[in-house]
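Here are a few short exercises to work through with the viewer open. Try each one yourself before reading on.

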Amino acid sequence: LFKTRSLAELDLDKVPAPEFTQGDACNLKPTLTNYDLVFAANLIDRLYEPAKFLKDIHTRINQGGLLMIASPYTWLEEHTPKESWLGGFKKDGESYTTLDGLKEHLGKHFKLISEPTQVPFVIRETSHKHQHSLSNVTVWEKL
């Protein structure tokens with residue numbers, strides 16, 4: 001069954017069309033600013049320097065805007081050097097989670113506005129093999 005939708009049917013035909021760009025999340029162009037929402041999906045644990053992304057992201061979001069991070073926190077050295085991981089290790093003899101790292105890096109400019117939520121997702125690897133994961137979703141409001 002084929003279905004279509006138009007912006008007019010949803011009463012959204014007067015809303016400006018979204019703009020999509022591609023770039024290095026650790027080295028974003030200075031012109032990418034004034035956002036009400038930044039959604040970083042399955043990104044944070046694949047960056048070569050995630051702390052750099054987190055340190056800079058507040059300059060791109062309007063006051064009261066939201067930063068939504070969704071990640072299964074599957075840190076791998078093939079993507080991120082271990083010394084750059086935000087969590088998933090022991091710190092001062094205690095478990096230090098990625099959520100702990102996010103709070104540490106974002107706490108100066110953002111507040112966590114709800115408890116993390118787990119959202120399932122599936123990645124198709126082949127026609128006979130799928131990977132089922134849970135993504136931790138956090139929403140942060142810029143102060």
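**Exercise 1.** Which helix and strands do the buried residues of H2 pack against?

Keep in mind that this is a predicted model.

Step 1: pick out the residues. Helix H2 covers residues 98-106, and its buried residues are Thr98, Leu99, Gly101, Leu102 and Leu106.

Step 2: look down the axis of H2. The buried residues fall within an arc of 155°, so they line one face of the helix.

Step 3: list the partners. The buried residues of H2 pack against helix H1 (50-57) and against strands E2 (61-71), E4 (94-96), E5 (110-112) and E7 (130-142).

**Exercise 2.** Find which residues make the nonpolar surface patch of about 340 Å², then classify valine 15 by its accessibility.

Step 1: the patch is made by Leu7, Leu10, Leu12 and Val15.

Step 2: place valine 15. It sits in the segment before strand E1 (35-41).

Step 3: check the cut-offs. Exposed means over 50% relative accessible area and buried means under 20%. Valine 15 has 48%, so it counts as partly exposed.

**Exercise 3.** Work out what is notable about phi in aspartate 11 and aspartate 92.

Step 1: recall the background. Most residues other than glycine have a negative phi.

Step 2: take aspartate 11, in the segment before E1. Its phi is positive, near 60°, and aspartate 11 is exposed with a relative accessible area of 65%.

Step 3: move to aspartate 92, in the loop between strand E3 (89-91) and E4. Here phi is also positive, about 55°, and aspartate 92 is exposed at 77% relative accessible area.

How values were computed. Residues numbered from 1 in each chain as written. Predicted model: local features only at pLDDT ≥ 70, side-chain atom pairs only at ≥ 80, totals over all residues. Heavy atoms only, no water. Buried < 20%, exposed > 50% of the residue type's maximum accessible area, 1.4 Å probe, protein only. Helix = DSSP H or I, 4+ residues; strand = E, 2+ residues; numbered from the N terminus. Arc of directions from axis to C-beta. Contact = heavy atoms within 4.5 Å. Patch = residues over 30% accessible without salt bridge, like charges linked within 9 Å, V, L, I, M, F, W, Y side chains within 5 Å. Areas by Shrake-Rupley, 256 points an atom, 1.4 Å probe, with all protein chains shown as cover. Salt bridge = Lys/Arg side-chain N within 4 Å of Asp/Glu carboxyl O.
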